[in-house]
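Student: Could we go through this structure together? I should like to begin with the whole chain and then turn to local features.
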Amino acid sequence: MGVMREFNRDQLGFIERLRLDYGDVVWTRFLYVPAIFLYHPDDIEYVLTTNPKNFIKSMSLRSNFFQRLVGKGLLTSQGDEWKRQRRLSQPAFHRERVASYANVMVDYTERLISKWQEGETRDTHPDMMRLTLEIVVQCLFSADVSSDVDDVGATLKELVKPFAAQATLKWILNNRLPTPAHFRFHALAKKIDNVVYRIIAERRASGRDEGDLLSMLLAARDEDGSQMTDRQLRDEVMTLFLAGHETTALTMAWSWYLLGTHPESERKFHAELDEVLGDRKPTAADLPRLKFTEQIAKESMRLYPPAYGLGREAIDDCEIGGYQVPKGTQVFMFQWATQRDPRFYDEPQAFRPERWTEDFIERLPKYAYFPFGGGPRVCIGASFAMMEIILCLATIGQKVRLELVPDHPVSIYPAMSLRPKDGIKVVVRNRTPSAYAV
Ligand code: HEM
């Protein structure tokens with residue numbers, strides 16, 4: 001079995017123990033699949049930016065599970081196919097374009113909190129998931145999924161379950177076992193397909209150019225003049241559904257948890273909002289002044305990186321960190337471990353947003369912090385995500401305090417992303433800027 005049992009029993013603990021026991025480069029095996037775990041920023045840099053051509057996405061991302069979910073979308077495609085799709089999608093993520101999404105982000109957040117009542121108990125995880133799904137679909141596809149959002153959210157939650165329990169066995173066996181879970185997975189995937197295909201069909205039928213990503217993808221032509229099929233479009237839309245909402249939602253949910261457990265940081269956060277915004281709506285122009293809010297987002301992604309590990313496969317023999325790595329080896333790098341490494345961070349387990357000064361960032365080895373990955377396959381939505389997190393945190397923090405429910409247990413459930421196992425329950429407390437101004 002190699003290390004499979006131990007890994008599946010306690011992924012995060014296992015990842016950390018390997019580094020402590022064996023150092024920066026650890027050779028291991030899942031069933032018959034050789035794998036190497038890299039912990040040092042220099043080795044991570046080698047894989048992601050120095051020699052990225054020697055690596056494709058790992059076996060887990062190429063498995064049937066992932067193929068069924070996102071097909072040959074941007075996250076999973078390779079080579080020329082990936083290059084073309086990346087080039088096509090890039091304009092939707094250019095700086096000015098991203099700034100134009102700010103209003104949608106703030107408006108949808110205001111709409112969400114307008115339904116909250118003082119003293120009400122809420123779970124921030126599904127709340128943030130619903131919010132970010134609505135935002136990404138509105139910004140990139142000009143579609144309102146408010147009526148489907150609960151259904152899509154619940155389905156996605158179920159869908160990623162196979163990635164947690166016994167995950168490694170499933171990707172190695174490539175989902176060939178005809179288990180009830182297998183059939184359930186396919187039925188759920190079909191449910192989301194229906195929503196995605198509906199969005200595509202509506203746009204094709206209207207023939208309108210909304211100037212958004214969906215219009216650009218619909219208009220794109222291959223060299224031979226052919227257009228993207230519904231299936232190709234589905235893969236891209238689904239990829240952005242998946243990659244573009246849960247990660248940001250998790251960063252916000254963990255930020256509320258961290259603020260709830262660190263009253264001094266929460267006070268500073270509110271003070272910044274009162275000073276920069278008062279009771280005015282935040283805009284993209286406020287971002288440079290919402291410094292502490294940005295530091296909260298960064299520190300939250302350091303401690304609870306939504307994507308807590310990255311995987312590649314070596315396509316040719318190479319040398320990493322002084323070790324020979326044969327082709328076919330799975331190469332794993334873990335934000336979870338490297339971003340908590342005491343060689344790079346003082347008090348690595350502590351939530352200290354203030355550590356993110358310009359000076360600190362300059363001194364930090366590049367890949368000691370890589371929540372968005374790096375190199376050519378770096379997250380295309382990184383600036384979209386940063387803006388969304390800051391604006392949504394600010395819009396909510398302006399109006400309410402989210403007080404943690406004291407006896408609610410908060411623990412981590414690593415399933416493709418770092419989720420709070422039983423959610424993060426909070427009580428809503430209204431606040432008025434002046435009452436908290438310092
Ligand atoms: C806090 C929020 C986010 C985090 C932590 C995050 C993290 C990542 C990481 C680590 C990768 C690289 C995966 C790899 O190298 O194997 C990635 C890729 C990607 N992300 Fe994000 N992401 C976030 C938000 C978003 C958003 C908002 C979008 C879109 C709206 C998005 C779309 C994508 C896409 C399409 C890729 C594949 C890019 C490519 O391979 O060309 N992500 N993301």
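Tutor: The conversation below moves from the overall fold to one helix and two loop residues. This is a predicted model, in which local features need pLDDT of at least 70, side-chain atom pairs count only at pLDDT 80 or more, and totals for chains, interfaces and linings use all residues. Residues are numbered from 1 along each chain as its sequence is written, and side-chain values use heavy atoms, with hydrogens and water left out.

Student: How many helices and strands are there in the protein chain?
Tutor: The protein chain has 21 helices and 12 strands. These are DSSP runs numbered from the N terminus, with H or I over at least four residues for helices and E over at least two for strands.

Student: What is the radius of gyration of the protein chain?
Tutor: The value is 22 Å, which agrees with the figure near 22 Å for a compact globule of 438 residues. That radius is taken over C-alpha atoms, and the globule rule is 2.2 Å times the number of residues to the power 0.38. Along the principal axes, the C-alpha atoms fill a box of roughly 60 × 55 × 45 Å.

Student: And how many of the residues count as buried?
Tutor: Of the 438 residues, 55% are buried. Buried means under 20% relative accessible area, exposed over 50%, and partly exposed in between, with a 1.4 Å probe and protein chains only.

Student: What about contacts between residues at least 6 apart in sequence?
Tutor: Of these contacts, 74% join residues at least 24 apart. A contact means heavy atoms within 4.5 Å.

Student: Let us change topic. Is helix α17 largely enclosed or open?
Tutor: Helix α17 is largely enclosed by the rest of the structure, because 11 of its 13 residues are buried. Among them are F292, I296, M301 and L303.

Student: Which helices do those buried residues pack against?
Tutor: They pack against α15 (246-261), α16 (263-276), α18 (335-338), α19 (358-363) and α20 (382-399).

Student: What span should α17 have, at 1.5 Å a residue?
Tutor: Helix α17 (residues 291-303) should span 18 Å, and its end C-alpha atoms are 19 Å apart, which agrees. The expected span is 1.5 Å times one less than the number of residues.

Student: Now the loops. Where is S142 found?
Tutor: S142 lies in the loop between α9 (124-141) and α10 (149-159). Its phi is near 45°, a positive value in a residue other than glycine. At 30% relative accessibility, S142 counts as partly exposed.

Student: And E347, buried or exposed?
Tutor: E347 counts as exposed, at 51% relative accessibility. E347 sits in the loop between α18 and α19, and has a positive phi of about 40° although it is not a glycine.
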